Amino acid sequence: MKYAIGVDIGGTNTRVALIDEDFNLAKRVQFVTDPKDPEGTLQKVASTIASFGKEIEGIGVSAPGPLDLINGYILASPNLDEEWWTYPIPEKLKELTGANAYLENDANLAALAEAVVGEGKDKRFVQFLTVSTGLGSGQIKDREIYIGAHGFANEVANCIMWQDGPSHGRIIPGGIEALSSGTAITTRARNAGLDVAHAGEVNDLAEDGNEVAVQIMDEAKEYLANFIAMLYAVTDPEICILGGSVAMKINDFVEDVEKRVKAKVMDPVKPYVDIRRSTLNEDSGLLGAGYLAFSKAAAAEESEIIAETVVLDN
């Protein structure tokens, strides 16, 4: 049995998993991320990997964006301090473990997991959106992450849907994350005077007939549907999978968004609109990271075989 490592670096916790070639999580360890000390956190990652006692194919690392995927850096993160920014995570992990490591956006890796073992496993073109604290996106073609020319593809949080609309944090006013994420829904409700702790409570008030909550939830779904309809127009996915706490926990959220999307696309596109709720849990990023490590190792092995063949032929 072959094994790879999946690492999920979050602003609160870091998770490290030993993943077998059938994409089972054989072992998993979680510890607190030090937001100011990347080296100390990665040393804990390395010691955890060593404790698993298995030879590994490689290490896939999930981190919040935006990232420099060409050079393997975190460019900026609302949850990790500047000590993490431009820190060479893959190089440091290789130094500590001897294994090749690969950094990738957390939403991209969740999308990859959906394309390999989730709702999109039988599809070639998979679009994924996580609607949770933030709003992230990933696009997969033939089990390969599309990163674009400079590694910024699907960094969608700042896509402006509402001119001079609401904002939060570093998000540009009217950006989709400032409208449809769980944080945005909660913030807008609190600013309107509602006593709520999370987006689910806003939705509960909406279902009870609170007019302010109804408007906030309606706008969150409407702008998200507008955005997804544009994705269908631009990239034509076979399936669009919604994950994250808002999509997973709010009743009929996904179904309502799908209905709205179908009303917004061209008639020939309507039959192909397929929006589903993720069936994977919070481990999707780890699974995607494991698959990334396996696929990179396989590609490297294939390159070596081709190189040896060329030498022999000469």
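Helices (DSSP runs of H or I, at least four residues) and strands (E, at least two) are numbered here from the N terminus. The structure is a predicted model, in which local features need pLDDT of at least 70 and side-chain atom pairs count only at pLDDT 80 or more, while totals for chains, interfaces and linings use all residues. Residues are numbered from 1 along each chain as its sequence is written, and side-chain values use heavy atoms, with hydrogens and water left out.

Helix α5 is a good place to begin. Just after α5, glycine 193 adopts a positive phi of about 95°. The helix itself spans residues 182–191, and its buried residues (buried meaning under 20% relative accessible area, exposed over 50%, and partly exposed in between, with a 1.4 Å probe and protein chains only) are Gly182, Ala184, Ile185, Thr186, Arg188 and Ala189. The cover over these buried residues includes α4 (177–180), α6 (199–207), α7 and α8 (245–249).

One of these covering helices, α7, packs against α5 at an angle of about 150°, and the two axes are 10 Å apart. Axes here are lines fitted to C-alpha atoms, for helices over the stretch in contact, and angles run from 0 to 180 degrees between N-to-C directions. The angle makes α5 roughly antiparallel to α7, on a scale where angles under 35 degrees count as roughly parallel, over 145 as roughly antiparallel, 65 to 115 as roughly perpendicular and the rest as oblique. The crossing of α5 past α7 is right-handed, a term used if the near helix is turned clockwise from the far one by less than a right angle, with left-handed for an anticlockwise turn. On the α5 side, Ile185, Arg188 and Ala189 are in contact (heavy atoms within 4.5 Å) with Ile216, Met217, Glu219 and Ala220 of α7. These residues divide into 5 nonpolar, no polar and 2 charged; Ala, Val, Leu, Ile, Met, Phe, Trp, Tyr, Cys and Pro count as nonpolar, Asp, Glu, Lys and Arg as charged, and the others, Gly among them, as polar. Ile185, Arg188 and Ala189 thus appear both in the list of buried residues and in the contact with α7.

Helix α7 (residues 211–235) also holds alanine 213. With a relative accessibility of 0%, alanine 213 counts as buried. Apart from its neighbours within four places in sequence, alanine 213 touches Leu194, Val202, Leu205 and Ala206. Between alanine 213 and alanine 199 there are 9.8 Å in space, C-alpha to C-alpha, for a separation of 14 residues in sequence. Beyond α7, in the loop leading to β11 (239–243), lies aspartate 236. Its phi is near 55°, a positive value in a residue other than glycine, and at 51% relative accessibility aspartate 236 counts as exposed.

Aspartate 142 offers another case of positive phi in a residue other than glycine, with a value near 50°. This aspartate 142 sits in the loop between β9 (135–141) and β10 (144–145) and, at 38% relative accessibility, is partly exposed.

A second helix pair is formed by α1 (residues 38–52) and α2 (residues 89–97), whose axes come within 10 Å and cross at roughly 45°. This angle makes α1 oblique to α2, and the crossing is right-handed. The contact brings Glu39, Leu42, Gln43, Val45, Ala46 and Ile49 of α1 to Ile89, Lys92, Leu93, Leu96 and Thr97 of α2. By class, the residues of this contact comprise 7 nonpolar, 2 polar and 2 charged.

In the loop between β3 (25–32) and α1 lies aspartate 34, which is partly exposed at 35% relative accessibility. Leaving aside neighbours within four places in sequence, aspartate 34 is in contact with Thr41 and Trp84. Aspartate 34 and glycine 174 are 32 Å apart, C-alpha to C-alpha, and 140 residues apart in sequence.

Finally, the cysteines. A disulfide is a covalent bond between the sulfur atoms of two cysteines. With the criterion of a pair of cysteine sulfur atoms within 2.5 Å, the count comes to 0 disulfides. Cysteine 159 is in no disulfide, as the nearest cysteine sulfur, in cysteine 240, is 14 Å away; that distance is too far for a bond. Cysteine 159 is partly exposed, with a relative accessible area of 30%, whereas cysteine 240 is buried, at 1%.
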